[in-house]
Amino acid sequence: MATGRTHRPATRSRGIPEATVARLPLYLRALTALSERSVPTVSSEELAAAAGVNSAKLRKDFSYLGSYGTRGVGYDVEYLVYQISRELGLTQDWPVVIVGIGNLGAALANYGGFSARGFRVAALIDADPAMAGKPVAGMPVQHTDDLEKIIEENGVSIGVIATPAGAAQQVSERLIAAGVTSILNFAPTVLSVPDGVDVRKVDLSIELQILAFHEQRKAGEEAAAGAGSAAPLPSAAGDVAEAAAGTAGAGGSGAAPSAAVEPPAGRAAAVARKNGPEGDVPAVMPA
């Protein structure tokens with residue numbers, strides 16, 4: 001089986017748009033789930049819904065692969081799995097090194113999805129001498145002093161950086177100098193790399209901040225909707241009229257309302273008197 005250093009995916013040479021390439025793993029995940037359930041064929045509408053895209057976009061994406069499906073039957077699931085896997089380069093062996101074996105790096109090392117998708121973790125590397133030789137996910141951690149030798153011996157072209165932000169740039173430069181041409185960066189920093197090197201960044205804190213924005217917006221919309229459905233406050237004239245009517249109903253002759261039912265101007269004055277001449281802003285502003 002070929003390694004990643006001698007064979008690279010053909011997507012760019014075939015002119016497949018980057019947006020389509022980014023969606024191919026979504027299709028592959030949905031198709032793999034169907035394959036595991038022994039589903040033989042799938043319609044474009046069903047597959048698009050499972051992948052979270054619209055069916056027209058899916059059909060356009062698949063046209064770049066030369067796969068158009070069969071009218072009334074749909075797409076052959078196993079054949080599409082093979083087509084997409086081949087296009088993404090997943091029918092080859094891709095040795096990967098993970099640099100930075102802290103909590104995140106150890107979690108990545110234990111992730112079973114790498115091997116299931118054609119990625120072989122060739123080495124775990126850390127700068128801490130105390131970590132050297134310790135087993136993580138069944139592999140001994142190696143020191144960064146041996147990084148270049150490890151990459152050369154294993155034919156590595158993909159590196160995963162899970163170091164603190166301050167160390168990530170230097171690690172990337174060493175990886176690139178040793179022959180790595182693709183980097184998956186989990187460090188919370190932007191890497192500066194030369195042309196020809198691909199970097200994919202995964203920043204969990206940014207994703208959480210985006211979710212927080214959407215939660216805040218939804219809360220604001222709900223509050224606005226609740227305020228819009230509340231009964232409108234009576235006008236000042238209405239207040240005075242109601243107070244006068246109440247006095248007359250109690251046997252009065254339509255004289256000015258009593259202090260017990262005070263018009264808005266009186267309420268505002270009462271608030272000002274209570275809070276002093278520099279009065280605090282009342283919790284509920286008068287109409």
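Contacts far apart in sequence come first: of the contacts in the chain with a separation of 6 or more, 57% join residues 24 or more positions apart. Contact here means heavy atoms within 4.5 Å. This is a predicted model, in which local features need pLDDT of at least 70, side-chain atom pairs count only at pLDDT 80 or more, and totals for chains, interfaces and linings use all residues. Residues are numbered from 1 along each chain as its sequence is written, and side-chain values use heavy atoms, with hydrogens and water left out.

## The chain overall

The chain has eleven helices and nine strands. These are DSSP runs, numbered from the N terminus: helices are H or I with at least four residues, strands are E with at least two. Of the 287 residues, 33% are buried. Buried means under 20% relative accessible area, exposed means over 50%, and partly exposed lies in between (1.4 Å probe, protein chains only). The chain exposes about 17000 Å², and carbon and sulfur atoms supply 58% of that area. The areas come from the Shrake-Rupley method with a 1.4 Å probe; for residues, only the protein chains shown count as cover.

## The sheet

Seven strands form an open sheet with mixed pairing, in the order β5-β6-β4-β3-β7-β8-β9. β5 (135-136) and β9 (198-201) stand at the edges with a single partner strand each, so one side of each has no neighbour in the sheet. Helix α7 (residues 147-154) packs on the sheet and touches β3 (94-99), β4 (119-126) and β6 (139-143). Its direction makes about 165° with that of β4. Helix α8 (residues 165-177) lies across β3, β7 (158-161) and β8, and runs at about 170° to β7. Axes are lines fitted to C-alpha atoms, for helices over the stretch in contact, and angles run from 0 to 180 degrees between N-to-C directions.

Strands of a sheet pair through backbone hydrogen bonds, either parallel or antiparallel. Two strands count as paired if DSSP finds at least two bridges between them. The table lists four pairs.

| Strands | Sense | Bridges | Residues facing each other |
|---|---|---|---|
| β3 and β4 | parallel | six | V97 and A123 |
| β3 and β7 | parallel | four | V96 and I158 |
| β7 and β8 | parallel | four | I158 and S182 |
| β8 and β9 | parallel | four | L184 and R200 |

β3 is mostly covered, with six of its six residues buried. W94, V96 and I98 point one way from the strand; P95, V97 and V99 point the other way. In β7, I158 and V160 point one way and G159 and I161 the other, and all are buried. I98 of β3 stands opposite V160 in β7.

T144 lies in the loop between β6 and α7. T144 is buried, with a relative accessible area of 12%. Leaving out residues up to four places away in sequence, T144 touches V99, I125, D126, A127 and R174.

## Helices α1 and α4

Both helices can be checked for length. The expected span of a helix is 1.5 Å times one less than its number of residues. For the 19 residues of α1, that gives 27 Å; the end C-alpha atoms are 28 Å apart, which agrees. For the twelve residues of α4 (residues 77-88), the expected span is 16 Å, and the end C-alpha atoms are 16 Å apart, which agrees.

The buried residues of α1 are T20, V21, R23, L24, Y27, L28, A30, L31 and L34. Their cover includes β1, α2, α3 and α4. Just after α1, S38 takes a positive phi of about 60°.

In α4, the buried residues include V77, L80, V81, I84 and L88. Among the elements that cover the buried residues of α4 are α1 (18-36), β1 (41-42), α2 (44-51), α3 (55-63) and β2 (75-76). D76 caps the N-terminal end of α4, with a side-chain oxygen 3.2 Å from the backbone nitrogen of E78. G89 follows α4 and has a positive phi, near 85°.

## A residue of α9

E215 is found in helix α9 (residues 204-229). E215 is partly exposed, with a relative accessible area of 47%. The side chain of E215 makes a polar contact with the side chain of K218 (2.7 Å). A polar contact is a pair of N or O atoms within 3.5 Å; within protein, one must be able to donate a hydrogen and the other to accept it, and residues adjacent in sequence count only if both atoms are side-chain atoms.
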